[in-house]
Amino acid sequence: MAFIDFIINSILTQASITIALIAFAGLLLQRKAFGEVMSGSFKTMLGFLVLSAGSSIIVGSLVYFGDIFAEGFGMEGIVPSIEAINGQAMNDLGLANQIALTFLAIFIFNIILARFTKWKYIFLTGQAILWMATMTTVFGSAAGFSGISLILVGGLVGGFFAVAMPAIAQPIVRKITGSDDIALGHFCTIGYVFAAGVSKVVGKNSESTENIKFPKGLGFLSDTYLSVAFVMVPLYVITAFFAGAEFASELSGDVNYVVYAFLQAVQFVVGVYVLLSGVRLLLAEIVPAFRGIALKLVPDAKPALDCPVLFPYAPNAVTAGFVTTTIGTVIAMFVLPWFGLAMILPGMLTNFFAGGTAGIFMNAVGGKRGVLFGGIAHGFFITLLPALLVPHFNSLGFINTTATDVDTVAAGLFFEWLVHPIMNLFA
Amino acid sequence: MLQILVVCGAGLGSSFACQMSVESVLQEIGVHAAVDHSDISSAAGSRADIIISGKNFESQFRRYDLSMDLIFLDRLVDKSEIKEKLVPVLEAKGAL
């Protein structure tokens with residue numbers, strides 16, 4: 001018995017070991033050489049632990065930011081970051097293991113649904129599945145699920161999104177790529193379809209964005225980490241000014257309070273960088289294994305890939321969609337508090353990737369005018385949904401942050417608005 | 001061994017999808033190479049022999065003075081385009 005206790009309490013509850021074992025099994029199934037199996041499993045474990053280290057850096061920086069923001073503006077400013085949600089869920093709520101197992105369950109349900117429904121999509125964007133697993137686990141456990149049922153419910157909901165989201169995007173993806181070979185696997189798809197709908201209404205006969213000339217100077221924004229820094233540095237520094245020297249100096253010790261705010265903003269970028277490096281290590285072995293197995297089981301499946309795969313088809317629309325979506329998120333930041341909702345600061349990672357992809361969608365159906373008005377509506381929409389989740393996150397103890405990626409937010413709202421009340425009836 | 005690095009903005013999704021296509025092309029033409037993927041900030045400091053990225057990143061790479069071969073793709077996961085652009089580079093390097 002002592003041995004079984006040891007296995008359960010000290011091995012299987014350690015998420016990094018669980019996920020390494022998942023990779024180990026996947027590599028064995030593919031009959032890889034012994035050396036590859038061992039190095040692949042170890043790298044997966046390393047990736048998971050690097051990811052956790054990155055998330056604690058992000059949280060450290062956000063705690064500081066929350067303090068100066070509250071002092072400077074007398075209200076809570078929420079930083080939308082699915083990475084931070086993932087970090088806090090794993091480190092502070094102790095859900096790391098459930099998230100790792102739900103991640104696996106989503107893969108499995110994806111294959112089952114693709115095999116037996118007409119939605120033949122295999123969702124290969126690993127980090128998006130990780131964020132989805134995070135949200136179903138956080139809100140599934142808040143709704144009262146635990147153990148196996150938590151993982152199965154999360155896997156089913158996540159697996160449904162993994163086939164349904166590529167399916168609703170596919171008509172426009174076909175129009176963009178001119179083929180039916182690839183699909184879009186990115187959990188911001190509800191936003192893309194919404195934005196494309198607005199664009200279609202307003203953008204009749206408007207010219208394509210690909211005829212506009214953009215200044216070359218904006219090119220650096222396609223570098224993810226630079227674009228995050230581009231927003232976080234002014235945000236932290238200006239907020240520190242508003243908080244005032246007296247208050248902010250208490251937090252900065254011997255360092256000048258403005259310099260300290262600058263360094264903390266860079267620290268946030270460091271956290272994102274470390275976390276995403278961990279994700280990269282983590283997925284390097286799991287995704288090809290999953291792809292190999294899935295394509296054997298579902299022979300006519302289409303791979304659903306990450307959004308930048310579409311970027312080369314309409315690069316101007318990416319920049320235009322990013323800019324117009326950002327305008328929409330800034331408007332929403334000021335407007336939503338009037339309605340009693342939290343003030344959500346613009347999240348630049350999402351604005352770039354989701355805004356850029358929405359730009360391509362909007363351009364495909366409504367040209368320049370579609371991208372302008374559709375993008376503003378898109379920015380508003382992707383700020384409104386996370387704002388609705390803020391009270392739920394706060395009640396669960398998350399610090400100054402909310403989720404991004406509207407499909408994962410929709411999954412969270414599905415649990416909070418529908419599953420949780422139903423569970424309460426039986427409780 | 002020949003090192004090939006596939007690059008995108010965050011070094012997560014599309015570079016990884018592209019890497020898997022590059023690997024199947026290499027297998028098809030019988031070339032052994034170590035393929036990896038990364039973000040554009042780290043790529044400039046890498047020691048890869050060949051860097052593959054999207055057309056939209058071309059202006060970013062041109063700012064650096066890089067000694068390795070650079071390939072820019074219009075369609076990141078299109079195997080025929082990868083083959084068409086990669087084969088001449090591999091031939092020039094004597095790897096094929």
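With 30 C-beta neighbours inside 10 Å, A:D405 counts as buried, the threshold for that class being 20 or more. The model is a predicted one. A:D405 is placed in the loop that runs between β6 (401-402) and α14 (406-426) of chain A. The phi angle of A:D405 is near 60°, a positive value in a residue other than glycine. A contrasting environment was computed for A:G60, which belongs to helix α3 (residues 34-73) of chain A. A:G60 has 14 C-beta neighbours inside 10 Å and therefore counts as partly exposed, since that class lies between the limits of 12 or fewer for exposed and 20 or more for buried. The C-alpha atoms of A:G60 and A:F268 are 8.3 Å apart in space, while the two residues are 208 apart in sequence.

Helix α3(A) also takes part in a helix pair with α9(A). The two axes come within 7 Å of each other and cross at roughly 50°. That angle makes α3(A) oblique to α9(A), because it falls outside the ranges set for roughly parallel (under 35 degrees), roughly perpendicular (65 to 115) and roughly antiparallel (over 145). The crossing of α3(A) past α9(A) is left-handed. On the α3(A) side the contact is made by A:F65, A:I68, A:F69, A:E71, A:G72 and A:F73. The partners in α9(A) are A:Y236, A:T239, A:A240, A:F242 and A:A243. Divided by class, the contact of α3(A) with α9(A) has eight nonpolar, two polar and one charged residues.

A second helix pair in chain A consists of α2 (residues 15-29) and α5 (residues 96-116), which pack at an angle of about 20° with their axes 8 Å apart. The two helices are therefore roughly parallel to each other, the limit for this description being 35 degrees. In this pair α2(A) passes α5(A) in a right-handed crossing. Helix α2(A) contributes A:A15, A:T18, A:I19 and A:I22 to the contact. These meet A:A96, A:N97, A:I99, A:A100, A:L101 and A:L104 of α5(A). The residues of this contact comprise eight nonpolar and two polar, with no charged residue.

Strand pairing in chain A includes an open sheet of three strands in the order β2-β4-β3, with parallel pairing. Its edge strands are β2 (121-123) and β3 (183-184), each of which pairs on one side only. Strand β3(A) is joined to β4 (residues 302-305) of chain A by two bridges in the parallel sense. Within this pairing, A:L184 has A:L305 of β4(A) as its bridge partner.

The contact between chain A and chain B draws 24 residues from chain A and 24 residues from chain B. On the side of chain A that touches chain B, α9 (224-243) and α11 (257-297) each supply at least two residues. Helix α11(A) gives the most to that side, with seven residues. The side of chain A that touches chain B has 14 nonpolar, five polar and five charged residues. Helix α9(A) thus appears in two settings: α9(A) supplies residues to the side of chain A that touches chain B, and residues of α9(A), among them A:Y236 and A:F242, contact α3(A).

Technical notes:
Residues numbered from 1 in each chain as written. Chains lettered and ligands numbered in written order. Predicted model: local features only at pLDDT ≥ 70, side-chain atom pairs only at ≥ 80, totals over all residues. Axes fitted to C-alpha atoms, helices over the stretch in contact; angles between N-to-C directions. Helix = DSSP H or I, 4+ residues; strand = E, 2+ residues; numbered from the N terminus. Left-handed = near helix turned anticlockwise from the far one by under 90°. Contact = placed C-beta atoms within 7 Å. Nonpolar A, V, L, I, M, F, W, Y, C, P; charged D, E, K, R; others polar. Pairing = 2+ DSSP bridges.
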